[in-house]
Amino acid sequence: MKVVCEGIDLSEAVLKVVKACATRTTTPILECIKISAKNDGITLSATDGEISICKKIKAEVYEEGDVCVPGRYFSDFIKKLEGVQITLSADGKKMDIIYADSQTDMQVLSADDFPRIDIDINENSFILKTADLKKFISSTSFCCASDDSRPILKGCQFIIKGNDVSVTSLDGFRLATVNGNVIKSTGDLEIVCPARTLNEIEKMIPDADGETEIFVQRGMIMVSADNTVLTSRLYNGDFIKKENIIPKEFTTVVKVDKASLKASIERASIIVRNDKNSLVIFDIGGDKIEISSNSEIGNVQEPVKADISGKDVRIAMNSKFIIDAVNALNEDNITLSFNSQVQPFICENETVKDRLYLILPVRTANNA
C-alpha cells in the first residue's frame, strides 16, 4: 500500500474513527484502525465489536492495499501533522509515515484478521429532522445507566408509531422521555440503542438544517453522514414501560422561573459536592421554594419565588439529577409536580410538554 494525502484530512478522519477502537481488550486487532487504499481514496475503519465507524477521504493511491495500525498511537501521531502532506507506505510488517523531510515507521497488523464490518443494513428506516435527532439524544442520553448490571438501561428506547416518535431513557433513579415527529418511516418500530452510539451519532451529523435517515436491520443500526458510516449493535430485551412509572396525578404543582431555580440549586450543590448523594432539600409552601443544603463545609438556605398550588411538601434529592433535568428543559418557566416526600416527582416545560424528567427523591432521617 502507498498513498499520499493531506494531513488535515487524515487527522480529521482518524479522530472520528478512533472512538470505535477498543480500549480494554485481549484482542489486539480491535485496538487498531484499518486503512484501506482503493481507487481515489482511503477508508479508515475501527470497531470494538459493538460500534463501528468508517470514514473515507480523498488521496492519491499509488498502490492499493489494506493494513491495520495501532489506533490510539496512530491517532495521536497524525494529530501532530495536520499542516503537512503525508505519505503512507506499508509492506505488511511496518508502515512508513513520510512528512516534510522526516520519516517515522510504525508496527502494523495484518488486515486479514480485522473483523468484517457489515454496512448492508436497510430493511427498516426512519427519517428525522437532524435538529430533532440531536435534541432527542442530548435530552435523554444523560439519563442512561453507566454500569452493566442491567445492560438494556445503557441505551435509549425509540418507539415509532405512525408519525410519532418517543425516546426514553432511565438508570433506576431518574427517567427522561422526549416526544416528537418523524418525517417518514417504513413502519412502526421499537429499538433500544446504546447511549454511547447515540452520542457518537450526535457528534457525527452536521449542525446545519437537514434530515438524517437511520437504518435498522437484524439488531443493528446504521447512520451515514459526510462520508462517515456508523454501525452499532442494538440492545435486546424488554425495556421498562414508562407508563407504569410516571404518576398521572399530583398533589402539589409548582411553576417557577428556570434561571432562578437553577442558580439557587447550583449554589446549594457546591457545599455538598463531595457527599455521596449531594443532597439538596426543597421546602415547598406559600409562595416560594426554600432550597437548602448542609455539610461539614457549611450550609446554604435560599428562597426562590414560585407559584404553588396544592399541599406543602419537603423533599430531598440528588442535586446533579435535578440540575441535569432543569438544564434539559428549554423554556423560561418550568413546572415541578410532586405527590409526597418519598414518591417520584417530575419536571417539565410550563407550556410545551414535549419532554419530561422524573426523579426519585432520596430518603433522609426526616422522611424515612
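In this structure, helices (H or I, at least four residues) and strands (E, at least two) are DSSP runs, numbered from the N terminus. The model is predicted, so that local features need pLDDT of at least 70 and side-chain atom pairs pLDDT 80 or more, whereas totals for chains, interfaces and linings use all residues. Residues are numbered from 1 along each chain as its sequence is written, and side-chain values use heavy atoms, without hydrogens and water.

**Exercise 1. Work out in which order the strands of the nine-stranded sheet lie, and which strands form its edges.**

Step 1: read across the open sheet, where the nine strands follow the order 6-2-3-4-18-17-16-10-14 and the pairing (at least two DSSP bridges between two strands) is antiparallel.

Step 2: look for strands that pair on one side only, which are strand 6, residues 65–70, and strand 14, residues 184–185; these are the edge strands.

Step 3: examine one pairing inside this order, that of strand 16 (residues 211–217) with strand 17 (residues 220–225), where the two run antiparallel and are joined by four bridges. In this part of the sheet, methionine 220 of strand 17 has glutamine 217 standing opposite.

**Exercise 2. Describe the five-stranded sheet in the same manner, naming its strand order and its edges.**

Step 1: this open sheet has five strands in the order 5-1-7-8-9, again with antiparallel pairing.

Step 2: its edges are strand 5, which covers residues 60–63, and strand 9, which covers residues 102–107, and each of these pairs on one side only.

Step 3: within the order, strand 7 (residues 85–90) pairs with strand 8 (residues 94–99) in the antiparallel sense, and five bridges hold this pairing. Opposite isoleucine 98 in strand 8 stands threonine 87.

**Exercise 3. Determine which strands lie under helix 1, helix 2 and helix 3, where contact is taken as heavy atoms within 4.5 Å.**

Step 1: begin with helix 1, residues 7–17, which lies across strand 2 (32–38), strand 3 (41–47), strand 4 (51–58) and strand 18 (228–233). Those four strands belong to the nine-stranded order 6-2-3-4-18-17-16-10-14. Helix 1 also lies across strand 1 (2–6) and strand 7, and both of these occur in the five-stranded order 5-1-7-8-9.

Step 2: turn to helix 2, residues 71–78, which packs on the sheet and touches strand 7, strand 8 and strand 9.

Step 3: finish with helix 3, residues 130–140, which lies across strand 10 (124–129) and strand 16.

**Exercise 4. Locate the two largest pockets by their linings.**

Step 1: settle the term, since a pocket is an open set of points, on a 1 Å grid over the protein atoms alone, where a 1.4 Å probe fits with protein on both sides within 12 Å along at least five of seven lines, and its lining residues have an atom within 4 Å of a point.

Step 2: the largest pocket has a volume (the space filled by probe spheres set on the points) of about 280 Å³. It is lined by 14 residues, of which Thr43, Ser45, Cys54, Ile117 and Ile119 are the closest to its centre.

Step 3: ask where this lining comes from; strand 2, strand 3 and strand 4 each supply at least two of its residues, and strand 4, with three residues, gives the largest share.

Step 4: the second largest pocket holds about 220 Å³ of space. Its lining consists of Asp171, Phe173, Arg174, Asn277, Asn318, Lys320, Phe321, Leu360, Pro361 and Val362.

How values were computed:
Contact = heavy atoms within 4.5 Å. Axes fitted to C-alpha atoms, helices over the stretch in contact; angles between N-to-C directions.
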